[in-house]
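Morning, everyone. Please have a look at the structure on the screen, and then we will walk through the ligand site.

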Amino acid sequence: MIKINYSETKLLGIFGHPLKQTFSPMVHNKAIELLDLDYVYLPFNVGTTALPDAIKGVLALGIKGLNVTIPHKETILNHLADFSDEAAMIGSVNTVVNDMGKLIGYNTDVHGFHETLLPYSDKISGEMVTIIGAGGAARAAIYCLIRHFRPSKIVIVNRTEQRAHTLKRYFKQKMKFDHFLTYELFPPDIATVINESALIVNATPVGMYPEIDDTVIPIPASFTKNQIVFDLIYNPSKTLLLKQAQQEGAICINGLKMLVYQAAKSFQLWTNHEMPVDEITKFLAREIELKRI
Ligand code: NAP
């Protein structure tokens, strides 16, 4: 049980819309309970136009920390006093710390992505990688790959090709990385790049519960042994994309570890405590299998 000391309990939360799919309250409240801390984490359904008022509420109520998700990850930057170099570079914030009335933004998705792929860095460095998607998660992934893994080429594949172009231009300018290719998400055209990439990342929601029969690369996709297929989705634990890739011998990774490690980094920024990541990972995996939220 979370301990509530009615005068001292510190408030954390998430701003987003819709919030139906979020696991963050479950993750953070479980960590608070395991560590017996005097915090509580609540979901706040904040629509696009409500963000400025909601931010005033954070300051007025002294909310200690926030996660920020769709549709606010980029617009929140306009409401912050400062942000980390990473968040500024990526142009997207998923964590806000209220430092005595000064709101500071961070991007902890980078940490989650980095921790997940770290064991495979030798397989990624100097190789071609493909990111499917051009939203906030793709931005964090591309930043992290350039900064920490040094691939030879990054292919951005997106349903709306214009957004892939925008990302390419953005990172070319911000990070001086010139080796991009962009494609529209059209299976015959992308078959070759998928086939030649050492790492393929699904940074779209395609295949996420309840649409578990969907896959962003329709069958037949051709994966090869030793390729890494990283689907940022964690519910279900094995998407149709990962099932396909596994059948062909690829190394398959889902989004659970990224979810836990990005949460752990946010938790540490707010509370100065280390999240018990192993316990939280087991807890979440069980909840996902049992509940199908
Ligand atoms: P986002 O900013 O809304 O971007 C969504 C991306 O998916 C866009 O590129 C969009 O393409 C594409 N997309 C959406 N629906 C599609 C469809 N039906 N077919 C093809 N492409 C489609 O979302 P995000 O924040 O980047 O999140 C993307 C995924 O990553 C989500 O599943 C999210 O749960 C997951 N994620 C996981 C973690 C983790 O910790 N494991 C962290 C962050 C995100 P258009 O540009 O054409 O609209």
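How do the residues of the shell around the ligand divide into nonpolar, polar and charged? There are 13 nonpolar, eight polar and four charged. Here Ala, Val, Leu, Ile, Met, Phe, Trp, Tyr, Cys and Pro count as nonpolar, Asp, Glu, Lys and Arg as charged, and the others, Gly among them, as polar.

Some ground rules. This is a predicted model: local features need pLDDT of at least 70, side-chain atom pairs need 80 or more, and totals for chains, interfaces and linings use all residues. Residues are numbered from 1 along each chain as its sequence is written, and side-chain values use heavy atoms, without hydrogens and water.

Now the neighbours. The ligand has 25 residues around it, each with a heavy atom within 4 Å. Ala-134, Ala-137, Asn-158, Thr-160 and Arg-163 come nearest.

Next, pairs of polar atoms. A polar side-chain atom of Arg-163 sits 2.8 Å from a ligand oxygen. The backbone helps frame the picture too. A polar backbone atom of Gly-136 is 3.0 Å from an oxygen atom of the ligand. For Leu-259, a polar backbone atom is 3.2 Å from a ligand oxygen.

Which elements give two or more residues to the shell? They are helix H6 (136-149) and helix H10 (256-271). Helices here are DSSP runs of H or I, at least four residues, numbered from the N terminus. H10 gives the most, with three residues.

Last point. Domain 1 (10-107 + 257-292) and domain 2 (111-254) both give residues to the shell, so the ligand lies between them. Those bounds come from an automatic or database domain assignment.

Definitions and conventions
A polar contact is a pair of N or O atoms within 3.5 Å; within protein, one must be able to donate a hydrogen and the other to accept it, and residues adjacent in sequence count only if both atoms are side-chain atoms.
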